[in-house]
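Reader: I have a model on my screen and some labels I'd like explained. Can you walk me through them?

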Amino acid sequence: MSELRENEQKTLLTLEKLGGKGHIDQIIEVSGLAHAAVMRAALSLSTANRIQVHETRQTIITLSKEGKYYAKKGLPERRLIHALIKLGGAATVKETLREAKLEKKFLTIALGWLHRKRWATVERMDDKRVLLLNPSMRGEPPLEIDEKLLSRLNVEDHLIAEKLEKDLEGTISVLKKRKLVETDEKTLRELELTKVGYADLPMVLRVKKQISQLTPELIISKKWRKVKLRKFDVTAPGPVVYPGKIHPVQEIIQMVREAFLEMGFTEIRGSIVQTAFWNFDALFQPQDHPAREMMDTFYLAQPKEGKLPRKNFVDAVAKTHENGWITGSRGWQYKWNPQEAKRLIMRTHTTAVTIHYLAEHRKPPVKVFSVDRIYRNERLDYKHLAELYQIEGIIMDRNVTLRDLIGTLKEFYLKLGLKRVEFWPSYFPYTEPSAQATAYVPELKTWIELCGMGIFRPEVVQPFGIKYPVLAWGGGLERLVMLKLGVDDIRFLYKNDLGWIRRSPVCR
Ligand code: PHE
């Protein structure tokens with residue numbers, strides 16, 4: 001005979017105590033075992049023919065929220081007929097509604113049922129709808145089965161369809177259609193000891209006398225020499241444990257940070273709320289640039305304005321926008337407005353943070369990165385979020401070139417597992433040349449966009465007195481995360497679906 005696990009022994013003994021038969025709930029109560037433990041024991045006991053499992057389906061009927069309300073207040077047709085009788089058996093719909101104190105939204109339903117139950121009819125008289133009590137009725141109609149059932153449910157909390165009188169079936173289905181009751185299917189399991197199970201009981205009782213825990217008392221008193229110690233069952237399944245862990249998105253942010261740090265970058269962080277000056281103007285985006293529109297950018301309602309930086313920065317940016325200043329450019333040829341630059345916004349890219357940092361750190365070399373949240377006024381769908389993460393890096397040094405940027409990016413994305421990265425010409429108002437990097441994902445056989453990149457234009461660096469080339473790139477984080485985690489709807493990343501968080505591995 002195979003060894004019985006402790007929970008199986010307990011289940012057998014409990015069944016015996018219950019006279020050989022018992023429902024799962026009873027076994028839980030008597031044995032003190034958890035539901036899952038009893039279920040597991042039942043499965044192996046029945047496989048070994050020690051017990052038999054009898055399953056019955058039960059339909060549990062309960063009141064819906066609306067049903068509960070009606071059970072207390074009465075069905076709307078009942079409230080109407082009650083009022084109508086009080087008004088003498090004939091009254092306009094309006095009056096009756098008022099007398100019944102019935103909410104207007106229930107009126108149509110109530111009238112329909114008055115008609116179906118043949119309690120009253122609605123007729124049109126001089127442009128008014130009038131309710132007339134059915135002449136064959138004497139006084140208030142007696143309670144009908146649907147009403148009786150509702151109050152029974154109100155008192156008994158739930159009913160079991162299979163145990164109800166057959167003739168109530170129709171009423172239940174009507175109440176269900178009226179959404180006054182809800183039904184829920186449940187499988188009831190009853191366990192019954194078989195002959196084999198009974199035959200095991202003496203052995204189980206013997207094993208029960210064995211000691212399962214060696215206590216200090218047993219050792220001190222030397223009793224441990226005499227007692228029979230139970231063997232460990234190392235194959236017994238343990239409960240599933242969900243340890244606390246870091247959110248998968250944060251894990252990947254951590255990976256990105258490590259990749260940057262390994263390459264000698266330092267992390268910087270800036271504020272989420274920025275003036276348009278740092279987010280747009282400093283990056284040579286003209287003030288009528290479409291990205292500045294409300295539909296793309298979140299503007300703050302309160303406070304509306306922030307402070308502009310030192311006057312010489314502002315003047316230089318203004319002149320660069322207007323006519324190119326000393327940068328060799330013609331500028332955008334319009335009158336630059338400091339008011340527009342003061343407006344506070346939720347940063348739309350982390351480039352706002354890197355240019356601000358550069359303006360204050362002009363001595364080469366500068367090699368910094370940020371992984372942080374940005375905001376875009378997007379309609380949410382499987383591809384778009386309004387709040388998302390951006391990865392951004394810059395390198396400023398005496399002799400750096402586009403080749404350094406390409407090499408850095410190849411190495412960076414390789415660290416994140418992307419082996420094939422290619423570069424395409426692109427456009428950004430603040431870089432020249434500008435490019436875009438894409439990566440090939442062999443598992444999906446597609447290319448994905450990684451980031452925008454380029455070398456900051458003279459119109460961007462000169463107003464801040466930055467003298468050396470600045471290599472910059474920035475791109476989304478979520479796309480990388482989705483790829484790594486096999487998620488195809490971006491909203492899912494922040495849904496905090498516990499099942500998914502638990503399933504996703506701690507180590508990758
Ligand atoms: N800021 C750009 C974006 O949000 C990316 C970028 C950063 C492009 C730096 C060039 C240089 O898409």
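**Patch and ligand shell**

Author: Start at the surface: Leu214, Ile219, Trp224 and Leu229 make a nonpolar patch of about 360 Å². This is a predicted model, where local features need pLDDT of at least 70 and side-chain atom pairs count only at pLDDT 80 or more, while totals for chains, interfaces and linings use all residues. Residues are numbered from 1 along each chain as its sequence is written, and side-chain values use heavy atoms, with hydrogens and water left out.

Reader: Why is isoleucine 219 called partly exposed?

Author: Buried means under 20% relative accessible area and exposed over 50%, with partly exposed in between (1.4 Å probe, protein chains only). Isoleucine 219 comes out at 45%, so partly exposed is the label. That residue is found in helix H11, residues 216-220.

Reader: What makes threonine 351 a polar contact of the ligand?

Author: The term asks for a pair of N or O atoms within 3.5 Å; within protein, one must be able to donate a hydrogen and the other to accept it, and residues adjacent in sequence count only if both atoms are side-chain atoms. An N or O atom in the threonine 351 side chain is 2.9 Å from a ligand nitrogen, so the pair qualifies. Glutamine 390 has a side-chain N or O atom 2.9 Å from a ligand oxygen.

Reader: How much of the ligand's own accessible area does the protein cover?

Author: The protein covers 90% of 320 Å². Strand S16 gives the most to the shell, with 3 residues.

Definitions and conventions:
Patch = residues over 30% accessible without salt bridge, like charges linked within 9 Å, V, L, I, M, F, W, Y side chains within 5 Å. Areas by Shrake-Rupley, 256 points an atom, 1.4 Å probe, with all protein chains shown as cover. Salt bridge = Lys/Arg side-chain N within 4 Å of Asp/Glu carboxyl O. Helix = DSSP H or I, 4+ residues; strand = E, 2+ residues; numbered from the N terminus.
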